[in-house]
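I opened this notebook to keep track of what I looked up in one structure. The entries follow the order in which I looked.

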Amino acid sequence: MRTACLVLAAVLAALPLALPGAEAEEAPLTPTQQLQALAYLEGTWRGPVGPGTWEARYTSPSGGEILSTNKEIRSDRVVSFEFERFRLQDGKVLMTPWVKGKQSVDFTLTSLDEDAMQATFENPKHDFPQRIIYHRSAKTVLEIHVTAKRGEKHTGFSLKLEKQP
């Protein structure tokens, strides 16, 4: 009888794992896996920004980094440009913009949703921006939201870019 009870207890203990809808906890992604998950940025993207057009090109994460070149075009001339470098450092994924070729501060990956293809980078000590969100909202749409909080007021802008062939 004691053996039957032990067998029954073991079966009951295993049951929740076998029930439909019961999901095992997934291990968090390593920083290397997080950088690889940003592969959704790869490609050439273009969309409106103010009276001009924003064009961005992102590389793959191969080699452990993603690099980008971005430019704003108005009246058939470049009026602004920047580079971005996504990399691993000290166990974190960092993004560093180089606005008009000058290195800015590092932004740390603070949130990543692989399924939604959305990544949030933050640096709350920076004046503007403090948060940059990259969101692949559709197969051919990349949204970039750039924000900061000044006192009680939030400020920022968004880009909605279309994937180019």
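The entries below go from the overall fold to the pocket, the aromatic pairs and a few single residues.

**Entry 1. Overall make-up**

I noted at the start that this is a predicted model. I then looked up the secondary structure and found 2 helices and 11 strands in the protein chain. Both helices come before the strands, as the pattern along the sequence is α-α-β-β-β-β-β-β-β-β-β-β-β.

I checked burial next. Of the 165 residues in the protein chain, 32% are buried. The accessible surface amounts to about 10600 Å², and carbon and sulfur atoms hold 55% of this surface. For contacts in the chain with a separation of 6 or more, I recorded that 28% join residues 24 or more positions apart.

**Entry 2. The largest pocket**

I asked what volume the largest pocket has. The value is about 380 Å³. Its lining is made of 21 residues, and W54, E82, V99, V146 and F157 lie nearest the centre.

Which strands supply at least two residues each to this lining? I listed strand 2 (52-58), strand 3 (65-74), strand 4 (77-89), strand 5 (92-99), strand 9 (131-138), strand 10 (141-150) and strand 11 (153-163). Strand 4 contributes the most, with 4 residues.

I also sorted the lining of the largest pocket by residue type. I counted 14 nonpolar, 4 polar and 3 charged residues.

**Entry 3. Aromatic pairs**

I looked up the aromatic pairs and got a count of 7. I took F81 and F83 to begin with: the ring centres are 5.7 Å apart and the planes stand at 65°, so this pair is edge-to-face. The cut-off behind that call is an angle over 60 degrees. F81 has a relative accessible area of 32% and is therefore partly exposed. F83, at 36%, is partly exposed as well.

I then turned to F121 and Y134. This pair is also edge-to-face, with 5.9 Å centre to centre and 90° between the planes. F121 belongs to strand 8 (residues 118-122) and Y134 to strand 9, so the pair ties together parts that are 13 residues apart in sequence.

Are F121 and Y134 buried or exposed? F121 has a relative accessible area of 0% and is buried. Y134 is buried too, at 1%. I added that one aromatic cluster contains Y58, F86, F121 and Y134.

**Entry 4. S80 and Q103**

I looked at S80, which is in strand 4. S80 has 17% relative accessibility, so I entered this residue as buried, the cut-off being under 20%. Which residues does S80 touch, not counting those up to four places away in sequence? They are N70, K71, E72 and K100.

Q103 was next, in strand 6 (residues 102-103). With neighbours within four places in sequence left aside, Q103 is in contact with T96, P97 and W98. I also took the spacing of Q103 and E82: they are 21 residues apart in sequence, and their C-alpha atoms are 9.4 Å apart. E82 had already come up as one of the residues nearest the centre of the largest pocket.

**Entry 5. Backbone points in loops**

I went through the loops for backbone features. The peptide bond from F128 to P129 is cis, and omega is near -5°. P129 sits in the loop between strand 8 and strand 9, and these are the strands that hold F121 and Y134.

S75 has a phi near 50°, which is positive in a residue other than glycine. I placed S75 in the loop between strand 3 and strand 4. Its relative accessibility is 75%, so S75 counts as exposed.

M117 is not a glycine either, and I noted a positive phi of about 50°. M117 is in the loop between strand 7 (107-113) and strand 8. With a relative accessible area of 29%, M117 is partly exposed.

Terms used
Residues numbered from 1 in each chain as written. Predicted model: local features only at pLDDT ≥ 70, side-chain atom pairs only at ≥ 80, totals over all residues. Heavy atoms only, no water. 1 Å grid on protein atoms, 1.4 Å probe; cavity = no way out; pocket = protein on both sides within 12 Å on 5 of 7 lines; lining within 4 Å. Points joined across faces, edges and corners; volume = space filled by probe spheres on them. Nonpolar A, V, L, I, M, F, W, Y, C, P; charged D, E, K, R; others polar. Buried < 20%, exposed > 50% of the residue type's maximum accessible area, 1.4 Å probe, protein only. Contact = heavy atoms within 4.5 Å. Areas by Shrake-Rupley, 256 points an atom, 1.4 Å probe, with all protein chains shown as cover. Phe/Tyr/Trp six-rings, centres within 6.5 Å; stacked < 30°, edge-to-face > 60°.
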